[in-house]
Amino acid sequence: MIEKRDDELRENTKKLSIIEGGFYGIHEGVGLKYIAPFALAIGKGNPYVITFLAILHSVPSLIGNLSQLYTNHVINKFGRKHILAFFVILQSLAWFSVLLSGLLFLKFNFNSNLSLILLVISYTFLVSFGSFVNPVWTSLMKDIVVDKNGYYFGRRTMISGFVALVSSLLAGIFLDKLSQNKILMGFSLLFFFAFIFRLFSGISFLFHYDPSFKKVGSNYFSFIDFVREYKKSNFVKFSLFISFFMFSVSLASPFFIVYMLEDLKFSYLTWTIISVIGSLSSLIFMSFWGNFIDNHGSIKTIRFTGVVISLIPIAWIFTYY
């Protein structure tokens with residue numbers, strides 16, 4: 001009877017998590033995707049705007065990832081769903097600080113450098129709150145989804161990504177209809193919706209089932225242990241692969257939006273469509289890769305996609321001619 005009740009709670013949480021993924025998709029589609037264009041709009045004509053964009057792309061991610069070093073200390077003291085709810089709600093509230101950076105520039109003629117500094121600080125907190133609880137969410141959902149992990153997470157990511165795609169496209173159409181002097185108010189409205197739906201995400205975690213967390217001492221190791229195991233540990237090798245991959249991506253990724261909006265003179269709608277096409281292709285193949293991982297394992301998937309994805313930047317070389 002207890003086991004049946006446990007299964008029901010897991011199933012209900014799996015369904016609720018898909019709804020929460022939809023909330024996050026809207027938060028991403030109308031919020032996170034438009035941070036860089038928002039910074040460009042504030043810093044239009046500012047000679048340091050590209051530097052601010054590079055900082056905006058790198059510093060929040062760096063601090064957010066470093067914050068995960070302390071996640072274990074929290075997860076051992078508090079329930080995972082309560083940690084998720086608390087920090088995701090904090091993340092939603094951080095959107096007000098992001099909004100403030102634009103409103104100070106628009107309504108009170110703040111220097112664009114000061115507004116961009118406030119934006120970087122606000123976005124750092126926003127990203128850090130989300131990054132901090134990523135391992136908590138992974139831990140919780142791995143205890144909820146006990147079989148066919150690839151299928152479930154592939155399906156959830158596909159739904160969340162589709163919602164993000166549609167909301168991002170609608171946001172691009174909305175911004176494209178606005179005159180230049182109203183564009184910052186348009187961003188403010190989008191970010192308010194990002195706040196609302198991320199708040200819904202945070203509240204939804206309170207209704208998740210949180211199985212008792214079992215700490216396995218043998219799974220924990222220090223950074224020194226991590227370095228020592230680099231020759232024989234698959235986890236260390238995977239971590240190095242991801243680190244080098246993210247380093248390579250981060251060299252150019254902050255400047256793609258500048259290149260498209262400033263050099264290629266794309267409208268917000270055109271830029272959104274290009275972004276959506278990339279997301280759409282991911283969605284189309286998401287279930288395929290989920291099933292592929294279930295049937296053939298993650299290693300074959302990483303080996304193949306890791307090589308092919310490295311060829312994509314080469315195509316960008318020819319877009320300017």
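Which two side chains meet in a salt bridge at 2.8 Å, N to O? They are those of R80 and D143, and they open this set of close-up views of a predicted model.

**View 1. R80 and D143 join two helices.** The side chains of R80 and D143 form a salt bridge, with N and O 2.8 Å apart. R80 belongs to helix α5 (residues 80-107) and D143 to helix α7 (residues 134-144), so this pair ties together parts that are 63 residues apart in sequence. Is R80 buried or exposed? R80 is buried, because its relative accessible area is 1% and buried means under 20%. D143 has 30% relative accessibility and counts as partly exposed.

**View 2. R80 also pairs with D210.** Stay with R80 and look for its salt bridge with D210, where the N to O distance is 3.1 Å. Here the link runs between distant parts of the chain: R80 sits in helix α5, while D210 sits in the loop between α9 (183-205) and α10 (223-228), 130 residues apart. D210 counts as partly exposed, at 22% relative accessibility. If you enjoy tracing such contacts, salt bridges that share partners also join E20, R156 and R198 into one network. The count of salt bridges in the model comes to five.

**View 3. K14 and E11 pair within one helix.** Now find K14, which forms a salt bridge with E11. The closest N and O atoms of K14 and E11 are 3.3 Å apart. Which helix holds the two residues? Both K14 and E11 lie in helix α1 (residues 2-30), and three residues, about one turn of the helix, separate them. K14 is buried, at 15% relative accessible area, whereas E11 is partly exposed, at 39%.

**View 4. Helix α11 has a kink at S250.** Helix α11 covers residues 234-263, which makes 30 residues. How far does α11 reach from its first C-alpha to its last? The span is 42 Å, close to the 44 Å expected at 1.5 Å a residue. Follow α11 along and you will meet a kink of about 35° at S250, shortly before the proline P254. Buried residues of α11 include V236 and S239, and also P254, I257, V258, Y259, M260 and L261.

**View 5. M260 is a buried residue of α11.** This close-up picks out M260, which is found in helix α11. M260 is buried, with a relative accessible area of 6%. Look next for L178, which is 82 residues away from M260 along the chain. The C-alpha atoms of M260 and L178 are separated by 19 Å.

**View 6. K265 follows α11 and has a positive phi.** Just after α11 comes K265, a residue of the loop between α11 and α12 (268-296). What is the sign of phi at K265? The phi of K265 is positive, about 60°, although K265 is not a glycine. Most residues other than glycine have a negative phi. K265 counts as exposed, at 63% relative accessibility.

**View 7. The second largest pocket is lined by α11 and α13 residues.** The second largest pocket has a volume of about 300 Å³. Its lining is made of N234, F235, K237, F238, F241, I299, I302 and R303. Which elements give two or more residues to this lining? They are α11 and α13 (298-308). Helix α11 gives the most, with five residues. Sorted by type, the lining of this pocket holds five nonpolar residues, one polar residue and two charged residues.

**View 8. G154 is paired with F285 for a distance across the chain.** G154 is found in helix α8 (residues 149-176). G154 is buried, with a relative accessible area of 7%. How many residues lie between G154 and F285 as a separation along the chain? They are 131 residues apart, and their C-alpha atoms are separated by 9.3 Å.

Methods. Residues are numbered from 1 along each chain as its sequence is written. This is a predicted model: local features need pLDDT of at least 70, side-chain atom pairs count only at pLDDT 80 or more; totals for chains, interfaces and linings use all residues. Side-chain values use heavy atoms; hydrogens and water are left out. Helices (H or I, at least four residues) and strands (E, at least two) are DSSP runs, numbered from the N terminus. The expected span of a helix is 1.5 Å times one less than its number of residues. The bend at a residue is the angle between axes fitted to the seven residues ending there and the seven starting there. Buried means under 20% relative accessible area, exposed over 50%, partly exposed in between (1.4 Å probe, protein chains only). A salt bridge is a side-chain nitrogen of Lys or Arg within 4 Å of a carboxyl oxygen of Asp or Glu. On a 1 Å grid over the protein atoms alone, a cavity is a set of points where a 1.4 Å probe fits but cannot get out, and a pocket is an open set with protein on both sides within 12 Å along at least five of seven lines; lining residues have an atom within 4 Å of a point. Grid points are joined across faces, edges and corners, and a volume is the space filled by probe spheres set on the points. Ala, Val, Leu, Ile, Met, Phe, Trp, Tyr, Cys and Pro count as nonpolar, Asp, Glu, Lys and Arg as charged, and the others, Gly among them, as polar.
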